[in-house]
Every structure is written in C-alpha cells, then in structure tokens.
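The exercises below ask you to work from the coordinates to a description of the fold, the interface and the cores. Each task is followed by a solution that goes step by step.

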Amino acid sequence: MTDRSDAVLISQVLNGNADAYGALVARYRERYARFAVHMLGEREDAEEALQDAFVRAYRSLAQCADPARFDAWLFRILANRCRTAGARRARRSRTFVRDEVALGEASAEHPAERREWREEIHRALERLEPDQREAFLLKHVEDLSYEEMSALTGAGISALKMRVKRACERLRTLLGEVQHA
Amino acid sequence: MHDDHDELISRVVDELRAPVALDPAFDARVMAAVRRAAPGRWRLALRWWTEPRPFRLSPLTGLASAAALVGLVVLGARAFEPGQAGGAASTAPGVIVASKEGGSEVVQFVLVAPQASTVAVVGDFNDWDPDRTPLHATAGGGVWSVNLPLRPGPHQYAFVVDGKDWRPDPGAPRAVTDDFGAPNSVIIVGGKST
C-alpha cells in the first residue's frame, strides 16, 4: 500500500475509493504532526489542526493541481490551520503548554536534564513571534528552502530570511540565559 | 547574512526533529471524518464529466480517432433510419428506442436485476441525480424499466441499484474512462449527434 505514489493514491480517492486516503494520512501524519506540535505547543491542538488539514485536503483533493506535490499542498493547508488555531488561542489568552507526550518520552540516559532542556526549548519557542516561529521551524526543522517557504507562506524571501535570523537571535538569547543561569 | 546555524541552534533543532507521538486513534478519527465528508458517487461522476483535463494525442492517433468517430456517427444514423427494425438493433440490449415525441426520442431503459429493491437511471440528462428517474419493476419482478424522452445526440448514463451500487449498462458500449472516471454507458439518440 505504501508503495503507491501520492498521485496514484489521489487518483484512487477521486475515483471513489476513500480508503486510499488512509495511506496518505499514514504517510504524512508524523512529519506534519511534529510541525503542528511545535507551532501550537500542545498535542491536542496539534492533532485537531492536523485532522482538520487532512479533512480539508480531502474535500478539495480535486483542486490539487499537482498530485505529485500533494505533500507541499497539504503542508500549506496545515500551516494555515496552525496560524488560525494559534490566533484563536491567543485570543483566549491560553497558556502555551508543552508537548507532554514528547516530554514523557525523553531520553532515559539523562531524563531530568533532557526534560528540562526540552521544556526550555518549548518555552523559548512560545516566546517567539508566531511568524518567526513558523519560519524557524520551516527552515531549520523541516529543512525547506527559502523558495519553498515563500511558496508555502506567501511571504517574500527577504522577509523570511529576516524572520529566521530574528528567531535564531531570540532563541540564542533566551536559551543562552538558561545555559548560563 | 551570517550563518544562523551555530551549535546552540543545532542542539535546538536536534531536539525539535525528534518524532512526536500521536494518539493511536488518530488515523481512525481522521478517516471517520473523511468518510463523513466523502462526496456522493453522483457528484464524483458529475465532476468527471465537468472538469477539464489535458490529454495528449499524436497526429496519427488523432486522425484514427476522428475516422472512428465519423464511422460511429454514420452507423448510428443508419440504425435510426425509418424502416430499420424498430431502430433498436444497434443500441444496447438494455436501451430500446420506443418512439419519437417532438424533437426528442423516447428511450426505454431496461435492467434485469432480480435482487434489487430499487433501480434508477442517472445520466447527463438528469444531472446524475439518483432520485430523479426511478425504474419500475415488472409484475413478476426482476426486470426494471422506465421510458424517458431524450434529445438527439450522445448521452452518458448508468444504473443505480439499491441507491448505492452504480452499474454501467451490461450491454451498452462504455464511455472512455481515465483514472478519475467511473465507467458509464453511452447511447446515441437520433440519427445525428449534436
């Protein structure tokens, strides 16, 4: 099942085989869950955004102009969902919560230090501007080129470079304080 | 712009690249939502017919296709000439041209389906809506039919059995399909296509 290309699976889905979509969900859920968790800070919110993105993509599948690039198209939908969810949460003034599951799976070698380090990273991520957090994750964690980031976010390359630069500077400041505390 | 990827950032990135565990029921939840959002089959069929799509044809294949199309139209015209045996000889076994009515032809759609509870015909003539043209069972059951006036020209259609099972006409030639389409049957009504 996993050997079938995205384009083949999409063709099958559009031909009425909704089950073929399950292979696409299985193929991309983990990679995109990571992005959503880091953007939103809480697994529950991330799963909700990811599920929403998958369902929206399914509903609009016929509009996916290039089925071979389904992953990028889905990512764009997810990024939009994360922005919407983040804005909604900001209006609720909700506390940015760490990914408890990920924290619970911290290395057994130095669990306390590892957990603490993760908490600090998430705390620092929380304090970034949302567009800087997004740019940092896309560039350094998801390994996208600036051209891909521009296509995904709609922002210009210069603006994205500036966001990444400021995100890095802010993280250095926040996490440097922790390390030297 | 200087390289932002120093040691501290590398450590942050390493940490953030670690896999994130999802609820084990996540896939099931997504697929349940997807199935709720799944479009009906008639909508898929309508989409297949209404969405433009590119295709490539070599000049030789194009000429052959054009010749074949002309041949089909000529054969269709002959089949519906007055004096032909009911005008139905070249149509599919399940589709019989019964009579003429104004500028349209009254076409009888017939399907043998002894186990069916309901049968409907859907096509470009009724927006692929399974609720608009039900077939009626004969007294003995098993043979379903309906008479329908259709404009001259080619029409695509299929039968819907028990509200969900889409079937092309067993005896009719199928329309050309691709990866995005379901097989449907074709009838050319009248002596000339429009």
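**Exercise 1.** Characterise chain B of this predicted model by its contact separation, its secondary structure and its burial.

*Solution.* Begin with the contacts in chain B that have a separation of 6 or more: residues 24 or more positions apart account for 62% of them. Next, assign the secondary structure, which gives 4 helices and 8 strands in chain B, and read along the sequence these follow the pattern α-α-α-α-β-β-β-β-β-β-β-β. Finally, count the buried residues, which make up 25% of the 194 residues in chain B.

**Exercise 2.** Determine how many residues each chain gives to the contact, and which element supplies the largest share on the side of chain A.

*Solution.* Counting by chain, 39 residues come from chain A and 33 residues from chain B. On the side of chain A that touches chain B, the elements giving two or more residues include H1 (6-14), H3 (43-59) and H9 (157-179), while the largest share, 10 residues, comes from H2(A). Sorted by class, this side of chain A has 20 nonpolar, 8 polar and 11 charged residues.

**Exercise 3.** Locate the largest nonpolar core and say which residues touch the most other members.

*Solution.* This core has 50 residues, and those touching the most other members are Tyr32(A), Ala36(A), Ala49(A), Leu50(A), Phe54(A) and Leu78(A). By element, H2(A) gives the most, with 11 residues, and by domain, at least three residues come from each of domain 1 (1-95) and domain 2 (106-181) of chain A. Another core, of 24 residues, lies apart from it and has Ala116(B), Ala120(B), Trp144(B) and Ile187(B) among its members.

Notes:
Residues are numbered from 1 along each chain as its sequence is written. Chains are lettered from A and ligands numbered from 1 in the order in which they are written. This is a predicted model: local features need pLDDT of at least 70, side-chain atom pairs count only at pLDDT 80 or more; totals for chains, interfaces and linings use all residues. Two residues are in contact if their C-beta atoms, placed from the backbone, lie within 7 Å. Ala, Val, Leu, Ile, Met, Phe, Trp, Tyr, Cys and Pro count as nonpolar, Asp, Glu, Lys and Arg as charged, and the others, Gly among them, as polar. A residue is buried if 20 or more other C-beta atoms lie within 10 Å of its own, exposed if 12 or fewer, and partly exposed in between; C-beta atoms are placed from the backbone. A nonpolar core is a set of buried Ala, Val, Leu, Ile, Met, Phe, Trp, Tyr and Cys residues joined through C-beta atoms within 7 Å. Domain bounds come from an automatic or database domain assignment.
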